[in-house]
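Thanks for sharing this one. Here are a few notes to read alongside the coordinates.

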Number of protein chains: 2
Amino acid sequence: MKTIKNIFLLTAVAGLILSCGNNNGGKSGAMASSNAEKVYVAPGEHDEYYAFMSGGYSGNVTVYGLPSGRMFKEIPVFSQFPTSGYGYSEETKPMFNTSFGFVPWGDAHHPDISQTNGELDGRWLFINENNTPRIARISLATFETEEIIEIPHSAGNHASSFVTENTEYIVAGTRFAVPNPQRDMPISEMKGEFKGPLTFIAIDDSGHMKIDFQLNMPGFNYDLAHPGRNKSHGWFFFTSYNTEEANTLLEVNASQNDKDYIVAVNWQKLAEFVANGGGKKVPATYAHNVYDEKTHTATSTMMEGVTSIDPREVEGAVYYIPIPKSPHGCDVDPSGEYIIGSGKLSTDLSIYSFTKIQEAIANKDYEGDAYGIPVLNYENTLAGVVTQAGLGPLHTEFDGRGNAYTTFFISSEVVKWKLETWEVVDRQPTYYSVGHLMIPGGNSRTPDAKYLVAMNKITKDRYLPTGPELEHSAQLYDITGDKMELLYDFPTHGEPHYAAGIAASKIKDNVKKYYDLEENNHPYVAKSESETKVVRNGNEVHVYMTMIRSHFSPDNIEGIKVGDKVYFHITNLEQDFDVPHGFSMIGANTSELLIMPGQTKTSIWEPKREGVWPFYCTDFCSALHQEMQGYVRVSAKNSDTELKWSLDDE
Amino acid sequence: MKTIKNIFLLTAVAGLILSCGNNNGGKSGAMASSNAEKVYVAPGEHDEYYAFMSGGYSGNVTVYGLPSGRMFKEIPVFSQFPTSGYGYSEETKPMFNTSFGFVPWGDAHHPDISQTNGELDGRWLFINENNTPRIARISLATFETEEIIEIPHSAGNHASSFVTENTEYIVAGTRFAVPNPQRDMPISEMKGEFKGPLTFIAIDDSGHMKIDFQLNMPGFNYDLAHPGRNKSHGWFFFTSYNTEEANTLLEVNASQNDKDYIVAVNWQKLAEFVANGGGKKVPATYAHNVYDEKTHTATSTMMEGVTSIDPREVEGAVYYIPIPKSPHGCDVDPSGEYIIGSGKLSTDLSIYSFTKIQEAIANKDYEGDAYGIPVLNYENTLAGVVTQAGLGPLHTEFDGRGNAYTTFFISSEVVKWKLETWEVVDRQPTYYSVGHLMIPGGNSRTPDAKYLVAMNKITKDRYLPTGPELEHSAQLYDITGDKMELLYDFPTHGEPHYAAGIAASKIKDNVKKYYDLEENNHPYVAKSESETKVVRNGNEVHVYMTMIRSHFSPDNIEGIKVGDKVYFHITNLEQDFDVPHGFSMIGANTSELLIMPGQTKTSIWEPKREGVWPFYCTDFCSALHQEMQGYVRVSAKNSDTELKWSLDDE
């Protein structure tokens, strides 16, 4: 019961802090005015940075501008998105395929931008799905999800999807230990029986993902991860908790050990091992879903088998390092020398030295082992400790000027401290209960450290009230001076756990404005109104339809029967920026389609009642948008109404 | 072909205007700085106004603060919302029931706030669904959707859901003429055969909606509407277009007549007629879905029959008034004397006098009739014309200081003009192609006219690019001076067609912060951990589960079999503001649940594979959130594993 009391104490402290109430961070009127100017982006001007935030339980990614805090887009990734028809249209439904069947939702956590030579390169954004383990790749040219891969043998894909310095690999570490392979067994017998696979997914030049190998670790809970960089390139570091292997009431039972572990993995060594035929091919079934920009269509392939590595079979590749209990973040500084572990029930930060880790490995300076994996000596791998830094450290980012910034959930603050001297130099309160933080490029060799965004987990009174359910809240700090300066509060959509930021200049000139109609290879495309038609094949009817300001072709269709399955394949003929059209059909058991210029999308309609039913454009596209509509006549199942349709030139 | 040329000309003019490109509205640096202060809401301070915006094709409502332009919440209304499980949980699925079956998407257009004595009272927000005609009511205490009613005999519920001065009625005017009753007939024979019902829905003291009657109008397209107010209280005005009754290529064929109609309806007379037994009961089938805050559960009832009124059978109740072709907005000034019609292909605004309309009715001053409905004399009902005001007028709101503000889509501007002198006093460009506009209370007797929000349909280069698909863009103007002043651009989520604004002071003290656990009447609630249990009934298993920082009870369940249908009924035991918990189950064919304090929600899981499968809390709820997890053991269909579960006190 001791642990419970400690938790209650921590909660009480947090309560005291929260009860400070509505607070503007002590800004004077004059400073507030200056802060107004710092975050204001005047009409017609652009923000300096993109911030890509995970949507958490929304399953999506949101795109914000900094410093304004304005949300520019919600990119649908793992969840159905009625706004555009993603996950409802025939072209996108395969993106939701998994070995469990169609899973229309996901829990998105850690976006990470692709890197070249340890710097953000702005090509792709990767993001993990926690619940039904998956990773997605988003194109930063189209801002659309292009690929989703399922991670087999995993559960709670949380230590994911962080990117190595040349985007060689992204990782997927299981948060929940599970039987591997899955099998029916008593939960209480998990200790030593459940496993915690860490998956390494190779990325090729076009960004495509392929599971290279799985490291079948002991059944702890793997929480967060970061790749080595610069001098530690070739290694990956993961935090683990519940080394107690408790199966129930983890808030007590997984807080028993004073220390859990960081896992240090030499992935270059493992990659070489696998390339040379090492590892064991084991059964696995997992979906790999790829969206093709030319056919505008996703295909899902059910993959079989993965290469599994026993961590004990590759000499010098896998080590545990003790860390104060129940750690969350595991962050690597720009030089690659320092690995910061955040024991989330601790007041201290443990900073490890990559050089000392290598020495300990060379000297076999072990405290013991865990399931045969060497445990390095805690004291001898430590570079230093930031003591009494705060309560509940979670995540650290860097400014490239020798400073680190750590969030403390329980004491609700961001703490700035110096690398190498381990001295705290500033602390600023957050409102309230900060989780992760983001500095653009803060997890690369070259942070672009003008702003820091704190992602807070409790919102309460920060905005006008909106009922029991609230958006989460971010706070923007200016970190160019000695002291952090709170500039602005802005609400965030879904539950942003984590974010990746990048200078707008690295992306904006490569962004696609529309799809080339000539390159459209959709199997049911109509590239001009003269190619539109309606084709019956048994009870399946395929409508090859086009849309352009401001009419559909065809816009009158007759001869549809109750019981038909009508496929509307609709091509937007526009070839200009920001001229989407929409399509919606009364009573359809799906969503509307939002179709970009040059794109084709398909919706199925199964009419159940006779009548004359309208469809229309759902996006206000022109002065005559309200006139962009049509009718479908539905006759009885056995009627002899003939198939016919209007054409523009009739 | 003449009409087509005119359209091309208008488009060319619009093109010229758009090509002016990126422009900050001519603000000097000094003014921009002052504007920064005007829109800045410092950390810890609150916005002055709520803006409720329709999400358009998102099917939802978004809540913004003014002047900051920050989005505080997306309220799911007509569309599935993976973020909270709305439309996926057992409790909310009935909200999507319609006479067509389960329709998981909607096209939300015109939010309107309830009124008392012609003033916004902040009790409810109503919003129409265009595609599968429905209206929703949202509580402004919980900011949740409480009720959805389907509108039968209608198609494209666009002239909706505007509220009368004491919330006696809201309306639903069909945008697409359809056979009434629906039947199989040739589309080309629509003229004179299709109908355009206008539905009047009565609102009772608790906000519940009931279809009182349908006015079975001729088969034109009814576009927008506003109630009379003040001196014109008791009347409703609707615009109609496609009086040509064209069925194909409406952009040409519905632009032939020089004038279409405003419909003036004396709803008090019709209500009296129906109350006295008038009208005809006709067959109709439509869903009425009500969410109960105490059981936290929606129920859907399929209703039968409505009262239909032939507009010719009630003397003095229904008139047409000519209006320049293809009108959109139909707006009534705070005094109720002036009705502003926006012929969207015109450069002029026609303003009608309620007094003159009454005189024309009294004098039977008719130009003729349409399908037996008298058409009042255009010239003799006119109060005035704002000439050469702009291109493509759409919508007018008022400031209560004698000024009106009209949006012009084609010339991309907001034009301020004086009531009674009809003189244009200011015009400001919008970026780009403005649709509707909003002044808080601007459609009531007492506008609260500090700010004006323009909702623009084309975004292009206003923000950092995000691929072919962009958010729409709003612009905030200060309208307290003689000239409108552009303060800020902010992106809006989905496609806001229309908005309703209200002073925060009218709402914020009544907003609910959590649900009272004691009042929770959910049939499967567990109000304490001691009430949790697992009950098998054939292959149905009901899990009565609770969640509190930071564990589930039970968190280990055994004895589930492949082929079972497992109902997780989960109660959040917290009783404080902003302490939601989430629940998600690996591989579940639904979304997660986000459960507010005091609330119970249910998710179904049908396990297909043996194994030990985890679940966890999806909302970062405490320092030990990562420990809030559990396991379900799934055995073979015919295994003899017994049902058992952990309890906190075991």
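**Notes on the chain A and chain B interface, and one sheet**

1. In this predicted model, 161 residues of chain B are in contact (heavy atoms within 4.5 Å) with 161 residues of chain A. Residues are numbered from 1 along each chain as its sequence is written, and chains are lettered from A in the order in which they are written. Local features need pLDDT of at least 70, side-chain atom pairs count only at pLDDT 80 or more, while totals for chains, interfaces and linings use all residues; side-chain values use heavy atoms, with hydrogens and water left out.

2. The two chains bury about 13,700 Å² between them (accessible area lost on being put together, 1.4 Å probe, summed over both), with 59% of it on carbon and sulfur atoms. On the chain B side, B:Leu464, B:Pro468 and B:Phe620 lose the most area to chain A, together 6% of what that side buries.

3. Six salt bridges (Lys or Arg side-chain nitrogen within 4 Å of an Asp or Glu carboxyl oxygen) cross the interface of chain B and chain A. A:Lys344 forms a salt bridge with B:Glu627, and their closest N and O atoms are 3.0 Å apart.

4. A nice sheet to look at in chain A is open and four-stranded, with antiparallel pairing (at least two DSSP bridges between strands) and the order E3-E2-E1-E35. Strands E3 (70-75) and E35 (499-503) of chain A are its edges, each pairing on one side only.

5. Strand E1 (residues 49-54) of chain A is joined to E35(A) by five bridges, and the two run antiparallel. Within E35(A), A:Gly501 is the bridge partner of A:Ala51.
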